[in-house]
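Please look first at the sequence and the structure, and then read the report beside them.

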Amino acid sequence: MSTEQLIENTKELVAIPSTAQDPAALHQALGFVASMIWEARPDVTIERFISNDKPSLLAYREGQRPANFDLILNGHLDVVPGNPEQFTAVEKDGRLYGRGVYDMKAACVALTNVFCEYVNKVPYPLGLQIVTDEESAGKDGTLYQIQQGVRSDFVICGESGRSTNTYEIANEAKGIVLARIAFGGVAAHSAYPWKGDNAALKAVQFIQRLHDCYPTPEEETDQTVAGVTAIISDSGAHSKVPDHATVTFIARNAVGDANFVDEQTFINFIKTLAPEAQITEISEFGMPIYSNPRNPKLQALKAAAERTEGKPFKLVQRHGTGDGRFYANIGSEACEFGIAGEHAHGDGEYITIEAFDNYLTTMRNFFDTSIRGSADDRADP
Ligand SMILES: [Zn+2]
């Protein structure tokens with residue numbers, strides 16, 4: 001499909017207000033992408049998934065789902081809420097404005113199109129995974145599909161993050177760990193505090209020790225950042241020492257941090273800070289997204305982007321995470337490579353038409369190389 005047609009498709013998709021608050025629109029947006037696939041490639045298999053009313057799909061070459069894909073292209077169609085006018089995409093001065101154009105409906109359209117062009121040509125199992133819940137945790141989309149047995153050696157997430165005039169692929173993104181930690185104490189009359197044991201104080205001491213390990217960085221850092229987003233302790237009366245406190249913990253964990261190798265090392269770390277801490281909930285344990293710079297597919301993607309745009313591309317780390325973390329948790333490599341734009345989640349969200357075109361060219365280049373590579377292998381005696 002031409003860039004112009006694909007831009008029209010993106011505009012139609014933007015007009016579907018697929019926020020988490022509108023389940024019908026999530027289904028409609030996914031249906032739109034499924035129709036794009038059917039029209040271009042009636043022979044491919046489209047598997048539909050649904051979890052907690054969040055639909056997602058996985059498309060691949062006709063037949064049974066492979067036990068393991070070599071490559072999955074991953075994208076999400078859900079968007080954060082926007083102003084009503086943002087749901088009408090507008091082209092102006094070489095830019096396409098609209099809610100979700102950058103994060104990440106245009107990339108979904110582009111990835112769907114190149115998937116259809118190449119799924120039957122590439123010499124390996126290629127999957128297209130489109131979900132509708134990335135902005136609301138991703139557990140019913142990408143994670144749900146992984147729980148249903150979907151596996152891939154490598155994943156390219158078309159996630160936003162690349163600004164205009166930057167030339168980069170994120171081969172790393174910090175993970176995310178969310179936990180609730182409780183401290184018990186002994187209630188007493190506040191006039192006789194020696195008779196009690198103040199739980200609020202234990203929580204504060206814990207936070208101080210955590211802060212000693214992970215001080216607030218003074219500038220941007222590629223290291224783990226960790227802290228708390230809530231401290232709750234209320235005895236209910238000014239005359240009572242509290243016997244309970246809870247702390248909401250969050251970390252953005254970097255690759256190689258020994259405190260976040262797995263849930264057990266995290267629990268051990270918390271216990272070294274405060275042996276009496278009770279970890280009552282780990283609601284999220286996301287490993288950092290990572291691809292080895294020597295991963296041949298990552299290298300091929302980088303080379304394709306460089307050929308397309310005529311600039312050296314850097315491999316970079318993102319501070320926030322995305323659905324790629326679910327692949328990181330099962331030991332697969334993933335990267336984020338999206339269409340250059342600005343203002344994800346903001347009022348002036350846009351991509352440039354040139355960036356959209358470059359993205360298509362890069363992805364086609366990338367797949368052409370793998371086809372040529374396999375032809376060369378066969379020619380090799
Ligand atoms: Zn996104």
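The report below takes up helix packing, then a metal site, then two backbone details.

This is a predicted model, in which local features need pLDDT of at least 70 and side-chain atom pairs count only at pLDDT 80 or more, while totals for chains, interfaces and linings use all residues. Residues are numbered from 1 along each chain as its sequence is written, and side-chain values use heavy atoms, with hydrogens and water left out.

Two packed helices are described by the angle between their axes and the distance between the axes. Axes are lines fitted to C-alpha atoms, for helices over the stretch in contact, and angles run from 0 to 180 degrees between N-to-C directions. Helices (H or I, at least four residues) and strands (E, at least two) are DSSP runs, numbered from the N terminus.

| Helix pair | Angle between axes | Distance between axes |
|---|---|---|
| α1 (residues 3-14) and α3 (residues 101-118) | about 135° | 10 Å |
| α2 (residues 23-40) and α3 | roughly 25° | within 10 Å |

Angles under 35 degrees count as roughly parallel, over 145 as roughly antiparallel, 65 to 115 as roughly perpendicular and the rest as oblique. Helices α1 and α3 are therefore oblique to each other, whereas α2 and α3 are therefore roughly parallel.

Where α1 meets α3, contact (heavy atoms within 4.5 Å) involves L6, N9, T10, L13 and V14 in α1 and V101, K105, A106, V109 and N113 in α3. By class, this contact has 6 nonpolar, 3 polar and 1 charged residues, where Ala, Val, Leu, Ile, Met, Phe, Trp, Tyr, Cys and Pro count as nonpolar, Asp, Glu, Lys and Arg as charged, and the others, Gly among them, as polar. On the side of α2, V33, M36, I37 and A40 meet V109, T112, N113 and C116 in α3, and the contact of α2 with α3 has 6 nonpolar, 2 polar and no charged residues.

Which residues hold the zinc ion? The zinc ion is coordinated by H76 (NE2), D103 (OD) and E159, which is listed with OE twice, at 1.8 to 2.7 Å; donors are N, O and S atoms within 2.8 Å of the metal (3.2 Å for Na, K and Ca), and water is not among the atoms, so sites may look incomplete. H76 lies in strand β3 (residues 69-76) and D103 in helix α3, so the pair ties together parts that are 27 residues apart in sequence.

D103 is also joined to M104 by a cis peptide bond, with omega about -20°, and M104 lies in helix α3. Elsewhere, N52, in the loop between β1 (45-51) and β2 (54-60), has a positive phi near 50° although N52 is a residue other than glycine.
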